[in-house]
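Me: I would like to go through this structure by asking, for each label attached to it, what the label rests on. Please set the values against the criteria and then conclude.

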Amino acid sequence: MSSSLRTSIGLIVALLSPPVRGQLSTAGAQFWHEGSPGLVSSLQEEVHFGSALAAGDFDCDGFDDLAIGVPDDDDSGGALNRVGYVTVLYSSETGLVAAGHQLWDQQSLAAEEEESEDRFGETLVAGDFDADGCMDLVVGIPYEDIGTIVDAGAIQVIYGAPGGLTAAGNAFFRQGADGVQGAPQAGDTFGFSLAVGDFNSDGSDDLAIGPCGRRRGCANPLRLGGQRPDRRRRRHSRSWLRAPGRAGDR
Ligand SMILES: [Ca+2]
Ligand SMILES: [Ca+2]
Ligand SMILES: [Ca+2]
Ligand SMILES: [Ca+2]
């Protein structure tokens, strides 16, 4: 790997805690990148693998797993630029493993189309919004266009389950729909920042979504805790993305 390529593709280093309490160590550290052995994605330049990360036990097996944003990945053989996707690595007692990893993008969730400059996975956060004990994943799509409104932004929620993150019940949120306040405007970049907390102390996680545009800098807390959003209006996945994943340019 050339030094210039090394700096442009993005890399993940996972440091494991040794038995000594309270210390991180490079002993047993793992090194992941696009094209790592066992991953279906191939090594490409300037995809920014790992520019967003979120950890959580998505398959509820007691080991924390890792979601990795790859927001500047192209798709459709390069016809679409910077659509983005998310790789999810699952863990075992030896650390993160490639086996069973998942790729998620807007094609696999079918809530919205893939378009150039969506940057799916620009931001990530994990929380247990339906309080089932499995962590769920929120994917920010801050450059999603809503109709002709450029870069209005949106988020995608993917729920955890004993078999891993599942497209079943996945939810797409944007401003001005499904109870989310505000109207989407060009450049709002809704979903550019995300935070999880139990804001109403009911035992299930809630989600805060910002910034609602750099001009206003507001937050638009959206409570997702307690129960799943209304699924009747959601379209479900077209495909299950456990490895070997989908065909394409990855
Ligand atoms: Ca796990
Ligand atoms: Ca899109
Ligand atoms: Ca959950
Ligand atoms: Ca709550």
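Reply: Two strands pair if DSSP finds at least two bridges between them. The model under discussion is a predicted one, and in it 5 bridges join β3 to strand β4, residues 65–70, so these two strands satisfy the criterion of at least two bridges and count as a pair. They run antiparallel, and one bridge partnership is that of Ala54 with Ala67 in β4.

Me: What is the strand order of the open sheet, and why is one side of β3 and of β6 left without a neighbour in the sheet?

Reply: The open sheet has 4 strands in the order β3-β4-β5-β6, with antiparallel pairing. Because β3 (52–56) and β6 (95–104) stand at the edges and each has a single partner strand, one side of each is left without a neighbour in the sheet. From one strand to the next, the twist averages 20 degrees.

Me: Which side chains of β3 are buried, and which are not?

Reply: The side chains alternate along β3, so that Ala52, Ala54 and Gly56 point to one face and are buried, while Leu53 and Ala55 point to the other face and are not buried.

Me: Why is Gly84 called buried?

Reply: The cut-off for a buried residue is 20 or more other C-beta atoms within 10 Å of its own. Gly84 has 30 C-beta neighbours inside 10 Å and therefore counts as buried. Gly84 lies in the loop between β4 and β5 (85–92).

Me: Where in the sequence do the contacts of Gly84 fall, leaving aside its neighbours within four places?

Reply: Gly84 is then in contact with Val70, Pro71, Asp72 and Asp73, with Asp105, and with Asp118, Arg119, Phe120, Gly121 and Glu122. As for Arg119, it is 35 residues from Gly84 in sequence, yet the two C-alpha atoms are 4.7 Å apart in space.

Me: What makes Ile155 a buried residue, and which residues is it in contact with beyond four places in sequence?

Reply: With 24 C-beta neighbours inside 10 Å, set against a cut-off of 20 or more, Ile155 counts as buried. Ile155 belongs to strand β9, residues 154–159, and its contacts beyond four places in sequence are Val138, Val139, Gly140, Ile141, Phe173, Gly191 and Ile209. Between Ile155 and Gly121, which are 34 residues apart in sequence, the C-alpha to C-alpha distance is 9.3 Å.

Me: Why are Glu117 and Asp178 called partly exposed?

Reply: A residue is exposed if it has 12 or fewer such neighbours and buried if it has 20 or more, with partly exposed in between. Glu117 has 16 other C-beta atoms within 10 Å and is therefore partly exposed, and Asp178, with 14 other C-beta atoms within 10 Å, is partly exposed too. Glu117 is found in the loop between α2 (106–109) and β7 (123–127), whereas Asp178 lies in the loop between β10 (166–173) and β11 (193–197).

Me: What is noted about the phi angles of Glu117 and Asp178?

Reply: Most residues other than glycine have a negative phi. Glu117, although not a glycine, has a positive phi of about 70 degrees, and Asp178, also not a glycine, has a positive phi of about 55 degrees.

Me: How many helices and strands does the protein contain, and what share of its residues is buried?

Reply: There are 2 helices and 12 strands, which follow the pattern α-β-β-β-β-β-β-α-β-β-β-β-β-β along the sequence. Buried residues make up 44% of the 250 residues, and among contacts with a separation of 6 or more, 54% are between residues 24 or more positions apart.

How values were computed: Residues numbered from 1 in each chain as written. Chains lettered and ligands numbered in written order. Predicted model: local features only at pLDDT ≥ 70, side-chain atom pairs only at ≥ 80, totals over all residues. Axes fitted to C-alpha atoms, helices over the stretch in contact; angles between N-to-C directions. Contact = placed C-beta atoms within 7 Å.
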